[in-house]
There are 2 protein chains.
Amino acid sequence: MNTPLRNDTFIRALRRQPTPHTPIWIMRQAGRYLPEYNATRARAGSFLDLCKSPDYATEVTLQPLDRFALDAAILFSDILTIPDAMGLGLYFAEGEGPRFEHPLRDEQSILALKAPDPYATLRYVTDAVSQIRKALDGRVPLIGFSGSPFTLACYMIEGQGGTEFERVKTMLYSRPDLLHRVLEVNAVAVTAYLNAQIESGAQAVMLFDTWGGALAEAAYREFSLAYLQRIVAGLVRVHDGESVPVIVFTKGGGVWLEHIAAIGCDAVGLDWTVDIGSARARIGDRVALQGNLDPSVLFSPPEVIRREAARVLSSFGGGSGHVFNLGHGISRFTPPEHVAVLVDAVHEFSRAGR
Amino acid sequence: MNTPLRNDTFIRALRRQPTPHTPIWIMRQAGRYLPEYNATRARAGSFLDLCKSPDYATEVTLQPLDRFALDAAILFSDILTIPDAMGLGLYFAEGEGPRFEHPLRDEQSILALKAPDPYATLRYVTDAVSQIRKALDGRVPLIGFSGSPFTLACYMIEGQGGTEFERVKTMLYSRPDLLHRVLEVNAVAVTAYLNAQIESGAQAVMLFDTWGGALAEAAYREFSLAYLQRIVAGLVRVHDGESVPVIVFTKGGGVWLEHIAAIGCDAVGLDWTVDIGSARARIGDRVALQGNLDPSVLFSPPEVIRREAARVLSSFGGGSGHVFNLGHGISRFTPPEHVAVLVDAVHEFSRAGR
């Protein structure tokens, strides 16, 4: 199982060790901007069919690696597999994003909530991880991931994305005990889920806190960060003799970086609104940083993409501890050839800068 | 014209002078959560008819003051009056928010853009300001306002709100010269517009940069903050022998507070994601702070509203330089009686704390 990594720049950067170039991967790198992804998805049927088939998940996870010189692969999956396994009935209304058939709308359904066994109802994910790891054969490391307890709770309580969080925030302020109950179950579930991914072959894991940034600071710390901390403390940190780095990303969390860096993670993901040089000055002595180009830069011509990539690298300021990425998932409208320009520019400039 | 103010707590707090209580007003305090507003709007016809009639604008501006012990009034108007006066054809699609008939989609329309004379095409606004000031008769101060050049440009280029800013960001990165041209015209227009409001009786002004927070830091400073600074430098700062304080609010700008506080404004508006105590430690020696309760707290029962109001006050930490507000506009689904609870709690707690 333990094929040595031929490219370990991503893992080394997360450990803040020197690397010959700045590694880069891209959030949602296997996705709708790639024609080959759309072709596989059409063959698979629905998006959920794609997620739930380890064969298809392996195929699309590897697609961007064949096109671009990326330094990491990330498990192809959905952020909402856990609530689906809890029985909430995930489905995708065409053109409307994820929804749940049975959102948490009463106390009874919240009290009945149970963390799923990742090796049972989520077996398709651990199987996909094993299969992808095998298919990668040491080419680059494989990242596992999960949504954060709070982000999952937003979807579970609202029933869908794209809201102003009226329901979840009303519960947060009026019935904090109920929200804490959901978050506790989610934290147990996420910990077991990520540990199962690690045991199945994930070489690093990332927690996506997509909606934590919608909270006031005190609420963020109590209802999102505290649970992220609990998960980080419960993760398997060494597997097969290798340390497994943990990345925590709260979109819109730029003002709270010091708090995020203090929860025991190895790296902090940055959205594009934060200057990465300022972020490094604030927390770079404790964690590696991942990010943070504005995804919309990829709509620009190649010379602009190269200039803006150089700007992020130069703001970080050289040395170790930087994993290049976008500040959010890549847009489906991105021309794939622009991704090649970005990946190559990051490698070229960072090699020259060492 | 110069009736002395019977309640000048708002103006004094902006000047960081002592006040007997922390003044409070609420963004979008005249609006759809109030049945009397909806009644007036029904009489007026459309939302734009309401905005464009000084009589109706005066009526709805004063409505929340009759219900709640608010310490300031804010001109009832729309954020998009300037681009409408530029000929872009503002309209409201039912249930869809503002749109423009003629968004800026080519170089020619951008080069043809001209700043409107506020006393001509925007006369309905300056007339409303004079009339409201007269109707207030010294009860509380009147705030004038405008959208920021960048925020106006977002609507003008996208043609509507609620987008991911693909068009405006593509222009920003690919044709920055064109975007700068729009922003220059907008900055001239906003400066003239706010000065006309001041000359007509506005006793403080606020710049709403609703979308600046969607930018990367370097882009924010170049394409939003630089123009805010230019406007602040061009404003009439003393009128009728009184200083006219300027508040600048960039939603999502919490990481950039030091930069915002440095542009010459008197106060910085905070959204709810920033802890106001941390913000005060960062910039409270230079500016007053306005904010920053999460608007969704107002969906909670009275005791929670009181507790969360106390939390903001206590985080600020007493003393002068605080104007209480929400961190964003009030939701149309807010029960009006909850606003009374908030206003009274802020007054009660802050009086007790002095």
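Let's start with B:Asn292. This residue is found in strand β10 of chain B, residues 288-293. Look at the bond just before it. The peptide bond from B:Gly291 to B:Asn292 is cis, and omega is near -5°. Keep in mind that this is a predicted model.

Now go to chain A. A:Asn292 lies in strand β10 of chain A, residues 288-293. The peptide bond leading from A:Gly291 to A:Asn292 is cis, with omega near -5°.

While we are on the backbone, two more residues. A:Arg28 is not a glycine, yet it has a positive phi of about 65°. You will find A:Arg28 in the loop between α1 and α2 of chain A. Is A:Arg28 buried or exposed? Partly exposed, because it has 18 C-beta neighbours inside 10 Å.

The other one is B:Asp137. Its phi is positive, about 50°, and again it is not a glycine. B:Asp137 is found in the loop between α7, residues 123-136, and β4 of chain B. With 8 other C-beta atoms within 10 Å, B:Asp137 is exposed.

That loop brings us to strand β4 of chain B. How many residues of β4(B) are buried? 6 of the 6, so the strand is largely enclosed by the rest of the structure. In general, side chains in a regular strand alternate between the two faces of the sheet. Here is how that looks in β4(B). B:Leu142, B:Gly144 and B:Ser146 point one way. B:Ile143, B:Phe145 and B:Gly147 point the other way. All of them are buried.

What does β4(B) pair with? Strand β1 of chain B, residues 73-74, pairs with β4(B) in the parallel sense, over 2 bridges. In that pairing, B:Ile74 stands opposite B:Ile143. Then there is strand β5 of chain B, residues 204-209. β5(B) and β4(B) also pair in the parallel sense, over 5 bridges. There, B:Ile143 stands opposite B:Ala204. So keep an eye on B:Ile143: it faces B:Ile74 in one pairing and B:Ala204 in the other.

Let me zoom in on one residue of this strand, B:Leu142. B:Leu142 is found in β4(B), which covers residues 142-147. It counts as buried because 26 other C-beta atoms lie within 10 Å, and the cut-off is 20 or more. Which residues is B:Leu142 in contact with, leaving aside neighbours within four places in sequence? The list starts with B:Ala73, B:Leu75, B:Val129, B:Ile132 and B:Arg133. It goes on with B:Leu136, B:Gly201, B:Ala202 and B:Gln203. Take B:Val129 from that list. B:Leu142 and B:Val129 are 13 residues apart in sequence, and 8.2 Å apart in space, C-alpha to C-alpha.

Back to chain A, for a tryptophan. A:Trp25 is found in the loop between α1, residues 9-14, and α2, residues 35-44. A:Trp25 counts as buried, because it has 23 C-beta neighbours inside 10 Å. Not counting residues up to four places away in sequence, A:Trp25 touches A:Phe10, A:Leu70, A:Asp71, A:Ala72, A:Ile74 and A:Asn325. One distance to note here: A:Trp25 and A:Phe299 are 274 residues apart in sequence and 18 Å apart in space, C-alpha to C-alpha.

Next, helix packing. Two packed helices are described by the angle between their axes and the distance between the axes. Our pair is α10 and α11 of chain A, residues 176-200 and residues 217-234. The angle is about 30°, and the axes are 9 Å apart. The two helices are therefore roughly parallel to each other. Their crossing is right-handed. Which residues meet? From α10(A), they are A:Leu179, A:Leu183, A:Ala187, A:Val190 and A:Thr191. From α11(A), they are A:Phe223, A:Tyr227, A:Arg230, A:Ile231 and A:Gly234. By class, this contact has 7 nonpolar, 2 polar and 1 charged.

Last stop: where the chains touch. Chain B gives 27 residues to the contact, and chain A gives 27 residues. Which elements of chain B give two or more residues to its side? They are α9, residues 166-174, α11, residues 217-234, and α14, residues 302-316. The largest share, 5 residues, comes from α9(B). By class, the side of chain B has 12 nonpolar, 8 polar and 7 charged residues.

Terms used. Residues are numbered from 1 along each chain as its sequence is written. Chains are lettered from A and ligands numbered from 1 in the order in which they are written. This is a predicted model: local features need pLDDT of at least 70, side-chain atom pairs count only at pLDDT 80 or more; totals for chains, interfaces and linings use all residues. Axes are lines fitted to C-alpha atoms, for helices over the stretch in contact, and angles run from 0 to 180 degrees between N-to-C directions. Helices (H or I, at least four residues) and strands (E, at least two) are DSSP runs, numbered from the N terminus. Angles under 35 degrees count as roughly parallel, over 145 as roughly antiparallel, 65 to 115 as roughly perpendicular and the rest as oblique. A crossing is left-handed if the near helix is turned anticlockwise from the far one by less than a right angle, and right-handed if clockwise. Two residues are in contact if their C-beta atoms, placed from the backbone, lie within 7 Å. Ala, Val, Leu, Ile, Met, Phe, Trp, Tyr, Cys and Pro count as nonpolar, Asp, Glu, Lys and Arg as charged, and the others, Gly among them, as polar. A residue is buried if 20 or more other C-beta atoms lie within 10 Å of its own, exposed if 12 or fewer, and partly exposed in between; C-beta atoms are placed from the backbone. Two strands pair if DSSP finds at least two bridges between them.
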